[in-house]
Amino acid sequence: MERVAFTMKLLPGAEAEYRRRHAAVWPEMLDALRAAGCSNYSIYQRDDDLFGVFDVLDFDRFRATMDASPANARWQADMAALIDPCTDPSTGFHRRLDEVFRLD
């Protein structure tokens with residue numbers, strides 16, 4: 001199991017809408033995440049900084065499955081007005097964070 005941690009940023013004035021949308025994530029988006037092998041997914045906020053973390057068995061498979069998902073394409077387009085995804089140009093994914101410590 002691989003734990004993936006990443007950062008994003010809220011755009012000014014977007015917090016209330018971002019929280020509203022995440023209080024009612026579309027069922028088809030949740031299904032897409034699960035079908036891609038994602039579990040234990042959380043997003044945390046501090047000011048305008050967002051920190052996401054999830055577990056996945058195969059990150060490459062996760063990325064390919066999500067990239068092919070119509071629900072994910074719609075969700076990402078919908079969220080574009082609220083966040084800077086902080087995409088790493090070398091990977092096309094959010095800027096990942098290095099794990100420094102874990103107590104299992």
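Helices (H or I, at least four residues) and strands (E, at least two) are DSSP runs, numbered from the N terminus. The model here is predicted, with local features needing pLDDT of at least 70 and side-chain atom pairs counting only at pLDDT 80 or more, while totals for chains, interfaces and linings use all residues. Residues are numbered from 1 along each chain as its sequence is written, and side-chain values use heavy atoms, leaving out hydrogens and water.

**The pockets**

Let's start with the open spaces. A pocket is an open set of points on a 1 Å grid over the protein atoms alone, with protein on both sides within 12 Å along at least five of seven lines, and its lining residues have an atom within 4 Å of a point. Its volume is the space filled by 1.4 Å probe spheres set on the points.

The largest pocket holds about 710 Å³ of space. It has 31 lining residues, and Met29, Tyr41, Asn72, Gln76 and His94 are the closest to its centre. Strand S2 (38–46) is among the elements that each supply at least two lining residues, along with strand S1 (2–10) and the helices H1 (15–22), H2 (27–35), H3 (59–67) and H4 (70–79). S2 gives the most, with 6 residues.

The second largest pocket comes in at about 150 Å³. Tyr18, Arg19, His22, Ile43, Tyr44, Gln45 and Leu50 line this one, and the elements that give two or more of those residues are H1 and S2.

For the classes below, Ala, Val, Leu, Ile, Met, Phe, Trp, Tyr, Cys and Pro count as nonpolar, Asp, Glu, Lys and Arg as charged, and the others, Gly among them, as polar.

| Group of residues | Nonpolar | Polar | Charged |
|---|---|---|---|
| Lining of the largest pocket | 19 residues | 9 residues | 3 residues |
| Lining of the second largest pocket | 4 residues | 2 residues | 1 residue |
| Contact of H2 with H3 | 6 residues | 1 residue | 1 residue |

**Two helices that pack**

Next, the last row of the table. H2 and H3 pack at an angle of about 150°, with their axes 9 Å apart; the axes are lines fitted to C-alpha atoms over the stretch in contact, and angles run from 0 to 180 degrees between N-to-C directions. On the H2 side, the contact (heavy atoms within 4.5 Å) is made by Met29, Ala32, Leu33 and Ala35, and on the H3 side by Arg61, Phe62, Thr65 and Met66.

Met66, in helix H3, is worth a look. Its relative accessibility is 5%, so it counts as buried (buried means under 20% relative accessible area, exposed over 50%, partly exposed in between, with a 1.4 Å probe and protein chains only). Setting aside neighbours within four places in sequence, Met66 touches Met29, Ala32, Leu33, Ala36 and Asn72. Met66 and Ala35 are 31 residues apart along the chain, yet their C-alpha atoms are separated by 8.8 Å.

**A few single residues**

Thr7 sits in strand S1 and is buried, with a relative accessible area of 19%. Beyond neighbours within four places in sequence, Thr7 is in contact with Leu50, Pro85, Cys86, His94, Arg95 and Leu97.

Asn40, in strand S2, has a positive phi of about 55° although it isn't a glycine. With 54% relative accessibility, Asn40 counts as exposed. Asp47 also isn't a glycine and has a positive phi of about 55°. Asp47 lies in the loop between S2 and strand S3 (49–56), and its 63% relative accessibility makes it exposed.
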